[in-house]
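Let's take a friendly walk through a binding site and the metal ions that go with it. Keep the picture open beside you as you read.

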Amino acid sequence: MTASLDAFLGSQCGSDAQGQRLADTIRHLSAAAVKVRNTIIEGGTGTDLGGKREATNAGGDVQKELDVLADRVFEEAARASGIAFFGSEEQDAPIPMAAEGDLAIAIDPLDGSSNIDTNVSIGTIFSILPVEDAHRAEPKSVFMQPGHRQKAAGFFIYGPQLLLVLTVGNGTHVFLFSPKFGGFVEMTASVAIAEKTQEFAINASNYRHWDRQMRSYIDDCLAGEEGPREKNFNMRWIGSLVADCYRILTRGGVFLYPGDQRKGYAKGRLRLVYEANPVAMVVEQAGGSATDGVTRILDLVPDDLHARTGLVFGSKREVERVGRYMVDPS
Ligand code: AHG
Ligand code: MN
Ligand code: MN
Ligand code: MN
């Protein structure tokens, strides 16, 4: 009998009050994801959803229609879940919600916005954090917790399939939305990322902006067997973090978005609290690694909801090898 998401949440989130609230929150997020998926399918991926709005978000990204629509749908789901604070890529400040809530959500409502018009897989990334009484006085502080304190994390992919990749701290699981079944059913009970890989993912157009160590690592990947690497490498770059991450979960690989010399990119493009942290928890729970090139992502302490970080994740041995290049003084 294929396990439903509902059954999984009932057995994996704990029977205590916070565990039940965690389960209920993930149920609400899943229902919100189905709404977003239906909007994409019904609205098509024409310019209406990928249309640019006047506004930019706190990170300076131009907001697309679907960014804002998805943000509203997930904010509503958070409110219905009794969440205490809602921190979103698309809103400058955290939104206080239930005064007595003991969970917070950090979210990237629509990841891969540059792909909305191209019918390429996009997604939603979420991180669920505990809320202590000390946080209530200063809502921003709830999103300055290191990622190892996350209670749950995951992402939805709006692609040929609507998938939920989820961890509640006991392995990484994949659920498929099945209209026939009328909900999410477990497709992969426990993802295991291959320890080694011959496939890297990076936006190579930034080569001239990287530091010497990153260029050296990529040069060696490109040199393949003619260089110091024992195998030839392949490259993939989708430009939707959720899609690149899911490929790595399924067949291994290493993803790199380093800091570079462009203005505002010293710490790269990706955001620590609602992109790197949830991805890092999912990847680690699947036996992989996630660092900023050197330091474990889940040990970093964010100084802001929208803090950026370099991000390297995937096959454990390869992430370790990248780390050796990053600290190589030669
Ligand atoms: P978002 O659409 O939420 O702003 O995230 C886009 C991110 C991530 O999905 C992807 O890995 C990365 O931006 C791609 O960056 P480049 O366009 O610089 O390659
Ligand atoms: Mn964005
Ligand atoms: Mn994103
Ligand atoms: Mn986004």
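In this predicted model, ligand 1 is surrounded by 18 residues, and the closest are Asp-111, Gly-112, Ser-113, Leu-241 and Tyr-257. Which pocket does ligand 1 take up? The space it fills is the largest pocket. Two elements give two or more residues each to the shell around ligand 1: β5, covering residues 103-111, and β13, covering residues 254-257. Of these, β5 provides the largest share, with three residues.

Now look at how oxygen atoms of ligand 1 meet polar atoms of the protein. The table lists three such contacts.

| Residue | Protein atom | Distance to an oxygen atom of ligand 1 |
|---|---|---|
| Gly-112 | backbone N or O | 2.8 Å |
| Arg-271 | polar side-chain atom | 2.9 Å |
| Arg-269 | polar side-chain atom | 3.1 Å |

How much of ligand 1 does the protein cover? On its own, ligand 1 has 470 Å² of accessible area, and the protein covers 91% of that.

Next come the manganese ions. For the manganese ion (ligand 3), the protein donors are Asp-108 (OD), Asp-111 (OD) and Glu-275 (OE), which lie 1.9 to 2.1 Å from the ion. You may recognise Asp-111, as it is also one of the closest residues to ligand 1. Along the sequence, the donors of ligand 3 follow the spacing D-x2-D-x163-E. Asp-111 sits in strand β5 and Glu-275 in helix α8 (residues 272-285), so this pair ties together parts that are 164 residues apart in sequence. Are Asp-111 and Glu-275 buried or exposed? Both are buried.

A second site holds the manganese ion (ligand 4). Its protein donors are Glu-89 (OE), Asp-108 (OD) and Leu-110 (O), at 2.1 to 2.3 Å from the ion. Their spacing in sequence is E-x18-D-x1-L. Asp-108 appears here and among the donors of ligand 3 as well. Why does Asp-108 count as buried? Its relative accessibility is 0%, and buried means under 20%. Leu-110 counts as buried too, because its relative accessibility is 1%.

Finally, where does the manganese ion (ligand 2) fit in? It is 3.6 Å from the manganese ion (ligand 4), and Glu-89 coordinates both of these ions. The manganese ion (ligand 3) and ligand 2 are 5.4 Å apart.

Note on methods. Residues are numbered from 1 along each chain as its sequence is written. Chains are lettered from A and ligands numbered from 1 in the order in which they are written. This is a predicted model: local features need pLDDT of at least 70, side-chain atom pairs count only at pLDDT 80 or more; totals for chains, interfaces and linings use all residues. Side-chain values use heavy atoms; hydrogens and water are left out. Donors are N, O and S atoms within 2.8 Å of the metal (3.2 Å for Na, K and Ca); water is not among the atoms, so sites may look incomplete. Buried means under 20% relative accessible area, exposed over 50%, partly exposed in between (1.4 Å probe, protein chains only). A residue is near a molecule or strand if one of its heavy atoms lies within 4 Å of it. A polar contact is a pair of N or O atoms within 3.5 Å; within protein, one must be able to donate a hydrogen and the other to accept it, and residues adjacent in sequence count only if both atoms are side-chain atoms. Accessible areas come from the Shrake-Rupley method with a 1.4 Å probe; for residues, only the protein chains shown count as cover. On a 1 Å grid over the protein atoms alone, a cavity is a set of points where a 1.4 Å probe fits but cannot get out, and a pocket is an open set with protein on both sides within 12 Å along at least five of seven lines; lining residues have an atom within 4 Å of a point. A molecule sits in a cavity or pocket if more than half of its atoms lie within 2 Å of its grid points. Helices (H or I, at least four residues) and strands (E, at least two) are DSSP runs, numbered from the N terminus.
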